[in-house]
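Visitor: I am new to this structure and should be grateful for a close look at one part of it, namely the pairing of charged side chains. Please take me through that topic in a connected way.

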Amino acid sequence: MKMRRMDREVKDEDKIREMLEHAQVVHIGMVDNGRPYVVPMHYGYQYENGVLVLYTHGAKEGRKCDVIAKNPQVFIEIETDVSDVSGGEIPCNYGSSYASIMGEGEAEIVTDTARKIEALQILMQTQTKREFVITQPMTENVQVFRIVVPHITVKCRPSMN
């Protein structure tokens, strides 16, 4: 993906990790019978060498599961630090400060219990900043998704405050 506003591009991996830690929700775009379908979900992540791996969880059945089983290609979007930028008396000068992460990826349903436990631990660590013990019975009633995003684009328009 080519970024139009290269002056806002973020490449620093520490800054990207900080954004991933601060944000709470990923929007996952899918295609369901030729129509767009987007789901917001809490996530856990691993980020190494520019490759982002997200872990999400949800019900064991439903539209999301059906769509991913048919077409694992997804598009992810994460935003954080969104706030208004005043344009004063000039409407065209209004905007927002923000940080965003986007990319194309592939989703899979995790079925192996050990991998589900690891994914749920990562998710809980990201969301709560705490470590939890996840047991096999805890994994039985949830579906875990692993989304690999081999290349992301990251933008930031910092607040001028």
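Visitor: To begin, with which residue does Lys11 form a salt bridge, and how far apart are the closest N and O atoms?

Guide: The model under discussion is predicted. Lys11 forms its salt bridge with Glu9, and the closest N and O atoms of the two are 3.6 Å apart. The partners differ in their surroundings: Lys11 is exposed, with a relative accessible area of 64%, whereas Glu9 counts as partly exposed at 27%. As a general matter, side chains of opposite charge can pair when their charged atoms come close. A search of the whole structure finds 9 salt bridges, and several of these deserve attention.

One of them joins Asp32 and Lys70, with 3.8 Å between the closest N and O atoms. Asp32 lies in strand β1 and Lys70 in helix α2, which comprises residues 63–70, so this salt bridge ties together parts that are 38 residues apart in sequence. Asp32 is buried, its relative accessible area being 13%, while Lys70 is exposed at 57%.

Another salt bridge is formed where the side chains of Glu108 and Arg115 meet, at 3.5 Å from N to O. Here Glu108 is partly exposed, with a relative accessible area of 28%, and Arg115 is likewise partly exposed, at 34%. Elsewhere, Glu13, Arg17 and Glu48 are joined into one network by salt bridges that share partners.

A charged side chain may also be placed against a ring. Arg63 lies over the face of Tyr37, at 3.8 Å from the ring centre. As for pairs of aromatic rings, the count comes to 0.

The strand that holds Asp32 leads to a further detail of the backbone. Asn33 is found in the loop between β1 (25–32) and β2 (35–42). Asn33 has a positive phi of about 50°, although it is not a glycine, and this residue is exposed, with a relative accessible area of 66%. Lys129 also has a positive phi, of about 65°, without being a glycine. Its place is the loop between α3 (113–128) and α4 (136–139), and at 41% relative accessibility Lys129 counts as partly exposed.

The nonpolar interior completes the picture. The largest nonpolar core has 31 residues, and Leu20, Leu52 and Ile101 are among those with the most contacts inside it. Apart from that core lies another, of 10 residues, including Tyr55, Val110, Ala119 and Val144.

How values were computed: Residues are numbered from 1 along each chain as its sequence is written. This is a predicted model: local features need pLDDT of at least 70, side-chain atom pairs count only at pLDDT 80 or more; totals for chains, interfaces and linings use all residues. Side-chain values use heavy atoms; hydrogens and water are left out. Rings of Phe, Tyr and Trp (its six-membered ring) pair if their centres lie within 6.5 Å; planes under 30 degrees apart count as stacked, over 60 as edge-to-face and the rest as tilted. A charge sits over a ring if NZ of Lys or CZ of Arg is within 6 Å of the ring centre and within 35 degrees of the ring normal. A nonpolar core is a set of buried Ala, Val, Leu, Ile, Met, Phe, Trp, Tyr and Cys residues joined through side-chain atoms within 4.5 Å. Buried means under 20% relative accessible area, exposed over 50%, partly exposed in between (1.4 Å probe, protein chains only). Helices (H or I, at least four residues) and strands (E, at least two) are DSSP runs, numbered from the N terminus. A salt bridge is a side-chain nitrogen of Lys or Arg within 4 Å of a carboxyl oxygen of Asp or Glu.
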